[in-house]
Amino acid sequence: METKIFCIEEAQLNSTQADEIFTMAGQIIENGGLVAFPTETVYGLGGDALNPDASKAIYAAKGRPSDNPLIVHIAEFEKIYEISDDVPEVARLLADRFWPGPLTMIVRKNESVPFATTGGLDTVAVRLPSDPIAREFIKKSGGFIAAPSANTSGRPSPTTAAHVAEDLSGRIDMIIDGGRACIGLESTIVDLSEEVPVILRPGYVTIEMLREICPDVVMDKGLALDATQAPKAPGMKYRHYAPKADMTLVRGETMPEITAKIKTLVENGISGGYRVGVIATEETADKFDLGEVLVMGTLGDENTLAAGLYDVLRRFDDIDVDMIYAPCFSKSGIGEALYNRMLKAAGRKVIE
Ligand code: TXA
Ligand code: MG
């Protein structure tokens, strides 16, 4: 299959050219095909959420286990009532505050959502993205788009159309290129299907932000470093977001202390004959004179670190390092989500 790639600049959103692209994408979706599209978090691989064959095609294209449910993307809040007969009041309050945006809510599904989309579960994850290209695409494609991140299962999520093409070219019908995903980490997931709301995946919308609307929300205990139970979201149990190399996080009191420790680890690795990668920041990069050093962002703004993570992990795959050392950053704001993804990438390996 030939994968067509079209670029839409935000400024041309209302042009006839963009309109033709959306119409073409809508036809592909209607026929059960797959279209990758930008969102503010990461690129999604979209198919018709109400067509079980489209969902099966998504799993096949990604090589994803079919028990790992997909998120259904909508472009208008009211659409949630077409796929769930049991939308709690708190969902409306959270939507008022955080939609459109990087928050996914899990509610009970109704019979219009096939089990192929929810991995056999009787709940459905719903998200209304803020990216205007995503919303226009969803509207022109039937209104319900099942979309996991548009990477091959096991690889870091894609934050550019080039990342999507790298993984899925030849396996999907179309890629809409809308530039770099600005957040760079997947949405926060909150499960509203049981009595107490539970965060199944941390993201840009933090627990503190959610508590302003929903004071009783808690974090899934399965996400902690020392967890004895499995995470509740099926997808969080896999070691994905992962580079090919063996990655280790280094934790310490201060960044200079962590940097010094990483320098020693890099020297040891190199003298053992390994190719060693280092995740650095604008502030720390010039402290490393050995190893393959890639800059993820600036310590002054954790959002830049989050936005840079997956690209850096992919670049380490390209240059074939054997091991990667990365610092633990501050957990404030999106830092909690960043730590969660870095822990997963490192297979939970942390040294002090
Ligand atoms: O930011 C995002 O959420 C991106 C963009 C494309 O919207 N999508 C995304 O989808 O990250 P995916 O498939 O890579 O991750 C979805 C996660 C998985 O961990 C899955 O197990 C969980 O959501 N999930 C989906 N439906 C669920 C449900 N009904 N119950 C529990 N977990 C669910
Ligand atoms: Mg994913």
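Start by selecting helix α4, residues 89-98. D96 and R92 both sit in this helix, 4 residues apart, or about one turn. Helices here are DSSP runs of H or I with at least four residues, strands are runs of E with at least two, and both are numbered from the N terminus. Show the two side chains: they meet in a salt bridge, 3.7 Å from N to O. That term means a side-chain nitrogen of Lys or Arg within 4 Å of a carboxyl oxygen of Asp or Glu. D96 counts as exposed at 57% relative accessibility, while R92 is partly exposed at 32%. The cut-offs for relative accessible area are under 20% for buried, over 50% for exposed and in between for partly exposed, using a 1.4 Å probe and protein chains only.

A word on what you have open: this is a predicted model, where local features need pLDDT of at least 70 and side-chain atom pairs count only at pLDDT 80 or more, while totals for chains, interfaces and linings use all residues. Residues are numbered from 1 along each chain as its sequence is written, chains are lettered from A and ligands numbered from 1 in the order in which they are written, and side-chain values use heavy atoms, with hydrogens and water left out.

Next, go to helix α9, residues 302-318, and pick D311 and R315, again 4 residues apart and about one turn. Their side chains form a salt bridge at 3.4 Å, N to O. D311 is buried at 15% relative accessible area, and R315 is partly exposed at 34%. Now add R155, E166, D167, R314 and D317, which salt bridges with shared partners join into one network.

How many salt bridges does a search of the whole structure find? The count is 18. For another one, select E40 and R127, whose closest N and O atoms are 2.9 Å apart. E40 is in the loop between β2 and β3 and R127 is in strand β6 (residues 123-127), so this pair ties together parts 87 residues apart in sequence. Both E40 and R127 are buried.

Now colour the strands. You'll find 11 of them in an open sheet with mixed pairing, ordered β1-β8-β2-β3-β7-β4-β6-β5-β9-β10-β11. Two strands count as paired if DSSP finds at least two bridges between them. Which strands stand at the edges? They are β1 (4-7) and β11 (218-219); each has a single partner strand, so one side of each lacks a neighbour in the sheet. Zoom in on β1 and β8 (residues 174-177), which run parallel over 4 bridges. F6 has I176 in β8 as its bridge partner.

Keep the sheet on screen and add helix α1 (residues 16-30), which packs on it and touches β1, β2 (35-37), β3 (44-48), β7 (145-146) and β8. Contact here means heavy atoms within 4.5 Å.

Stay on α1 and show A18, I21, F22, A25, G26, I28 and I29, which are buried. They span an arc of only 160° around the axis, which puts them on the same side of α1; the arc is taken from the directions from the helix axis to the C-beta atoms. Flip to the other side and you meet T16, E20 and E30, which are exposed. The cover over the buried residues includes β1, β2, β3, α5 (132-139), β7 and β8.

Last stop: G32, just after α1, which takes a positive phi of about 85°.

Notes: Axes fitted to C-alpha atoms, helices over the stretch in contact; angles between N-to-C directions.
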